[in-house]
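Ready for some practice at reading a protein model? Work through each exercise with the structure open beside you, and try it yourself before you look at the solution.

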Amino acid sequence: MSSYLAIGAGVLAALLVVSGILLKLAWAENGKLEVQLAAASAVIAQKEADARLSADIVAKQAEAFTKLETKVVTQIERIYAAPITRECAASPSMRASSVGVRDIIAPAGGADAGRQPSPAVR
């Protein structure tokens, strides 16, 4: 009877070892899945943040385009409203277009001073 007990204990020990190995493999696989899930969650979160940022940028660009369109339409109307003459560069329509282009291109605070000498040279 003691040999059967020893064989049973040996089989039980072997089963415990095999189940321990399988448990360790399952735990490692679970860790890999958790890492993959965390990476996928990070990608999804970044994609959502990028979508929000993109929506903000598109809205700002649409607003800037509307402002620019208003300026351009105003300048075009000034050019069309100028009297027609036979002169070229000195004509009212050419002056209106030149001023209009400068107004559209110039920054909001006015034109910058351009390149200036350093204060030490002045």
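## Warm-up: the whole chain

The protein chain exposes about 10,600 Å², and carbon and sulfur atoms supply 68% of that area. Keep in mind that this is a predicted model.

**Exercise 1.** Find out how many helices and strands the protein chain has, and what share of its residues count as buried.

*Solution.*
- Start with the helices and strands: there are two helices and zero strands.
- Now go for burial: the chain has 122 residues, and 5% of them count as buried.

## Around glutamine 75

**Exercise 2.** Decide whether glutamine 75 is buried or exposed, and list its contacts beyond the neighbours within four places in sequence.

*Solution.*
- First, place the residue: glutamine 75 sits in helix H1, which covers residues 2–81.
- Next, check the cut-off: a residue is buried when its relative accessible area is under 20%. Glutamine 75 has 10%, so it is buried.
- Finally, look at what touches it: once the neighbours within four places are set aside, glutamine 75 contacts Ala96, Val99, Gly100, Asp103 and Ile104.

**Exercise 3.** Valine 73 is also found in helix H1. Work out how exposed valine 73 is and how far its C-alpha atom lies from that of glycine 100.

*Solution.*
- Valine 73 has a relative accessible area of 39%. Partly exposed covers the range between under 20% and over 50%, so valine 73 is partly exposed.
- Then take the distance: valine 73 and glycine 100 are 27 residues apart along the chain, and their C-alpha atoms are separated by 10.0 Å.

## A charged pair

**Exercise 4.** Which side chains meet in a salt bridge, and how are the two residues placed in the helix?

*Solution.*
- Count first: the structure holds one salt bridge.
- Then name the partners: the side chains of lysine 67 and glutamate 63 meet, at 3.5 Å from N to O.
- Here's the background: side chains of opposite charge can pair when their charged atoms come close.
- Both lysine 67 and glutamate 63 lie in helix H1, four residues apart, which is about one turn of the helix.
- Check exposure too: lysine 67 counts as exposed at 53% relative accessibility, whereas glutamate 63, at 46%, is partly exposed.

## A nonpolar patch

**Exercise 5.** Which residues form a nonpolar patch on the surface, and what is the relative accessible area of valine 18?

*Solution.*
- The patch is made of Val17, Val18, Ile21, Leu22 and Leu25, with about 480 Å² of accessible area together.
- Valine 18 is found in helix H1. Its relative accessible area is 46%, so valine 18 is partly exposed.

Conventions:
Residues numbered from 1 in each chain as written. Predicted model: local features only at pLDDT ≥ 70, side-chain atom pairs only at ≥ 80, totals over all residues. Heavy atoms only, no water. Buried < 20%, exposed > 50% of the residue type's maximum accessible area, 1.4 Å probe, protein only. Contact = heavy atoms within 4.5 Å. Salt bridge = Lys/Arg side-chain N within 4 Å of Asp/Glu carboxyl O. Patch = residues over 30% accessible without salt bridge, like charges linked within 9 Å, V, L, I, M, F, W, Y side chains within 5 Å. Areas by Shrake-Rupley, 256 points an atom, 1.4 Å probe, with all protein chains shown as cover.
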